[in-house]
Amino acid sequence: MEAVARAVSAAVAVACALASAGCYRHAEVPPVPPEGPLAGKAPPGFNASLACGSWADAAGPDSDAALRHASFPEMFPAACFVPVRYDGERARPDPVPPGAATPPPPSHPTLAAERARYERIAAGTPEERLPPELACELPQRARAAAARQNARALARVEADLAEGVLYSYSAIATFGFGHRDHASSAVLGYLPGGACRPQSKEDLDVLSLNVTRAGRAAMAHAARVAPVVIVSGGAVHSPLVEAFALAHLARCRFGVPEDRILVDPCADHTHTNLKHTASLVLALGGRAAYVVTDDGLQAEYLEEDTFWRAIGGDLDQRSLRDWGYLLGSWRRASTGIRAGFWFTPFRFWAEPAAGLGSLACAR
């Protein structure tokens, strides 16, 4: 046991040293468009029937590229990759490629069905299977409030569809940062739909990076990057539900309308933040989200290659270990900050939507 403890301590020390050195890599755009997974396409012989249970078997032994999340959507208009440019406290998305504006057409049945699902959960009607973002252990009152909030936001997106309002991305997403000191926050116990609570400077300091992340999500929303903001994070490091704290900040401090916020109170790590964001993008009937965070370690973790891969803990490795499949694809999309990412739940996003381009395992 002592040898194991020493090995773990050594690995943690190495990780911390590498983290402090900023070991991450943002892959440069290749001189010519790539092929295969780097271009969002499945490798030859990919077996979609195995993908959501045994991705390694689905990809085959010679398909290492399919097991890494690097890709270059900015080279392919069909990827709906939209850069977002920052100038101080102002964000501005680039023009949307032809045919890539969201939400989906009004005939898309997903929104209404998912809204009705959340309404049933809010009413306490038993569901055979809860969506991942509400499937953790939650007090019934909290689960009902989260479901009610999500139903309200989906109804607002339905109204956008009816009015013909279009955006660059299906959603903006930001993820909570947890700390034991959050147990003292003024927003402890806040539920979506509740009254705004006064927050002192000291309380905002306690919430630290969550203020930055909620502010950046609100900035992107004000720039009409997407119709809704997804806030994600459970009560991991304290009794405070990170998603609810982010929702309070986004609404009460930064002015995001209440019916423009989707909540995920169940994620317990960045890779489950992404999984549940993917689930909500699918509930929206969408193709891509804009994930925004602070400029620190989480931004590095989302890059194409990081020190976490060296110790077996990057997003792809964790996904394979925990679920047997991989999440979608992501790529930095921000200029002026290095913490905004294009994200799609569809690993092979360049394939036809009715085929592998519809392959997502997150819901």
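The expected span of a helix is 1.5 Å times one less than its number of residues. I count as helices the DSSP runs of H or I with at least four residues, numbered from the N terminus.

**Model and numbering.** I am working from a predicted model, in which local features need pLDDT of at least 70, side-chain atom pairs count only at pLDDT 80 or more, and totals for chains, interfaces and linings use all residues. Residues are numbered from 1 along each chain as its sequence is written, and side-chain values use heavy atoms, with hydrogens and water left out.

**Confidence.** I looked up pLDDT, the predictor's confidence in each residue, from 0 to 100. The protein chain has a mean of 89, and 92% of its residues reach 70 or more. Residues 1-10 fall below 50 and, beyond near neighbours in sequence, make zero contacts (heavy atoms within 4.5 Å). Residues 15-21 are also below 50, with seven such contacts in the model. Where pLDDT is low, the predicted coordinates should not be read in detail.

**Helix H8.** I checked H8 (270-283) against its expected span. Its 14 residues should span 20 Å at 1.5 Å a residue, and the end C-alpha atoms are 20 Å apart, which agrees. 14 of the 14 residues are buried (under 20% relative accessible area, 1.4 Å probe, protein chains only), so H8 is largely enclosed by the rest of the structure. Gly285, just after H8, has a positive phi of about 70°.

**Largest pocket.** I took a pocket as an open set of points on a 1 Å grid over the protein atoms alone, with protein on both sides within 12 Å along at least five of seven lines; lining residues have an atom within 4 Å of a point. The largest pocket has a volume of about 610 Å³. Of its 24 lining residues, Phe177, His237, His269, Thr270 and Gln298 are the closest to its centre. Helices H6 (209-222), H8 and H9 (297-301) each give two or more residues to this lining. H9 has the largest share, with three residues.

**Cavities.** I noted three cavities of 30 Å³ or more (a cavity being a set of points where a 1.4 Å probe fits but cannot get out). The largest has a volume of about 60 Å³. Among its 13 lining residues, Leu326, Leu327, Pro345, Ala360 and Cys361 are the closest to its centre. The second largest cavity has a volume of about 40 Å³. Its lining includes Pro37, Arg68, His69, Ser329, Arg347 and Phe348.

Notes:
Grid points are joined across faces, edges and corners, and a volume is the space filled by probe spheres set on the points. Buried means under 20% relative accessible area, exposed over 50%, partly exposed in between (1.4 Å probe, protein chains only).
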